[in-house]
Amino acid sequence: MTKNDKRGANLKNKSRKKKAVALLSGGLDSNLAIRMIQDQGIDVEAVAIKTPFCDFDCGKGCGHRVKEVATELGIALKTIYFGEEYLQMLKNPKHGYGSGMNPCIDCRSMMYNAAKDHMENIGAEFIITGEVLGQRPMSQNKNALSIIESETGTKGVVVRPLSAKHLPITDPEKKGFIKRENLGYIKGRSRKEQIKLAEKYDINDPPNSAGGCLLTDPIFSKRIKDLYEHNITIPDINDVELLKIGRHFRISGEKKLIVGRNREENTVLEALAIKKDLKIIVKDYVGPTCIFRGKKPTKDEIIMCARIAVRYSDAPKNDYSIVKICGHAYENEFSVMPLDEYSIDNIRI
Ligand code: SF4
């Protein structure tokens, strides 16, 4: 290579646009964070994370817009799904749970690792997130952010454009890739500053900040906690999908009954049933789809399930009805009365 060629290559490298990888949720904050960095002449690519508890179709104003937002921003999007490994982590998250079963610090660490891998793969210089200091109690405080960075080896390379001036200076600022004076000074749960920025960027109808993570939902948290407490093995995706619908009853130990609440849920329950499940069907009356899952039930347990199925069917409440129990290598019928409300409440999850 001649001197001139070398000089040419150096100039080319210098003028090559720097790249960053953003964790994109589809909510307003990550959208704004990306725009602030794009404004500084950085090429951005996004990584979006799906978990069994937070998907793009939840309709709660965040993830379902992720593809739309990436298109609006004109950036490439890589979607990563955390499945079994997420369920494994959820059993015993190193940093515990938030107000529900949300293991936010461990969850964010998994997300940071995914963003870091992508950053290394595409030769990007740093990571962007839409995190706002003090917005979420468990994962968006200085201590939690520092733990997540230490555990994922991302110290200094994560820029949170919305709150940057409240946080230590990052490597891309030190290296002059981005200017600190053009970054944000937002803190806390108020959305005022984000709404102003949304106006500046002409973002119509900005989504609210409500996340779609089921692990922060009190009712769902109770169900997932019960599942982990009673299952000897790590639950699988099918077990988790079942938790999202129906009424759930803990019959004993690892054994539970799920009862559909309407026609749609009955259809989903049918689709989620596995070979080892038992089906409980109220004969002669309209009734819900009921699935028994777990170890082999005793006769008393089968009768209890039959009585619950009758309770939620159109069968008379003061008379006996016939219930058919069928499943893998098992079929039987019982004549039972509906279970009383008190007993039902005692075993409902
Ligand atoms: S709210 Fe849910 S998706 Fe968000 S960091 Fe916490 S556990 Fe993860």
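**View 1. Strand S7 and its partners.** S7 and strand S9 (residues 290–293) run antiparallel and are joined by four bridges. In this predicted model, Val259 of S7 faces Cys290 of S9 across the pairing. S7 also has an antiparallel partner in strand S6 (residues 247–252), with five bridges between the two. Here Arg247 is the residue opposite Val259, so to speak of Val259 is to name a residue with a counterpart in S6 and another in S9. **View 2. How strand S7 is covered.** Let us stay with S7 (residues 255–259), where five of five residues are buried. Lys255, Leu257 and Val259 lie on one side of the strand, Lys256 and Ile258 on the other, and both faces are covered. Look too at the hairpin that links S6 and S7: two residues sit between the strands, and Gly253 has a positive phi near 35 degrees.

**View 3. Helix H5.** This helix takes in residues 104–122, 19 residues in total. From first C-alpha to last it reaches 27 Å, close to the 27 Å expected at 1.5 Å a residue. Its buried residues include Cys104, Cys107, Met111, Ala115 and Met119. An α-helix has 3.6 residues a turn, so residues three or four places apart point the same way. Among the elements that cover the buried residues of H5 are strands S1 (19–23) and S2 (43–50), together with helices H4 (84–91) and H6 (142–152). Strand S4 is also part of this cover. Just after H5 comes Gly123, with a positive phi near 70 degrees.

**View 4. Ile127 in strand S4.** Here we zoom in on Ile127, which belongs to S4 (residues 126–128). Ile127 is buried because 25 other C-beta atoms lie within 10 Å, and 20 or more are enough to count as buried. Beyond its neighbours within four places in sequence, Ile127 is in contact with residues including Ala20, Val21, Thr154, Val157 and Val158. Ala115 and Met119, both buried residues of H5, are among its contacts as well. Arg160 is 33 residues from Ile127 in sequence, yet their C-alpha atoms are 8.5 Å apart in space.

**View 5. Around the ligand.** Eleven residues surround the ligand, and Cys54, Asn102, Cys104, Cys107 and Cys213 come nearest. The shell is made up of six nonpolar residues, four polar ones and one charged. Cys104 and Cys107 also appear among the buried residues of H5.

**View 6. The two domains.** Stepping back, the domain assignment divides the chain into domain 1 (3–214) and domain 2 (245–347). Their centres, taken over C-alpha atoms, are separated by 45 Å.

Technical notes:
Residues numbered from 1 in each chain as written. Predicted model: local features only at pLDDT ≥ 70, side-chain atom pairs only at ≥ 80, totals over all residues. Near = placed C-beta within 6 Å. Nonpolar A, V, L, I, M, F, W, Y, C, P; charged D, E, K, R; others polar. Buried ≥ 20, exposed ≤ 12 C-beta atoms within 10 Å, placed from the backbone. Contact = placed C-beta atoms within 7 Å. Pairing = 2+ DSSP bridges. Domains from an automatic or database assignment. Expected span 1.5 Å × (residues − 1).
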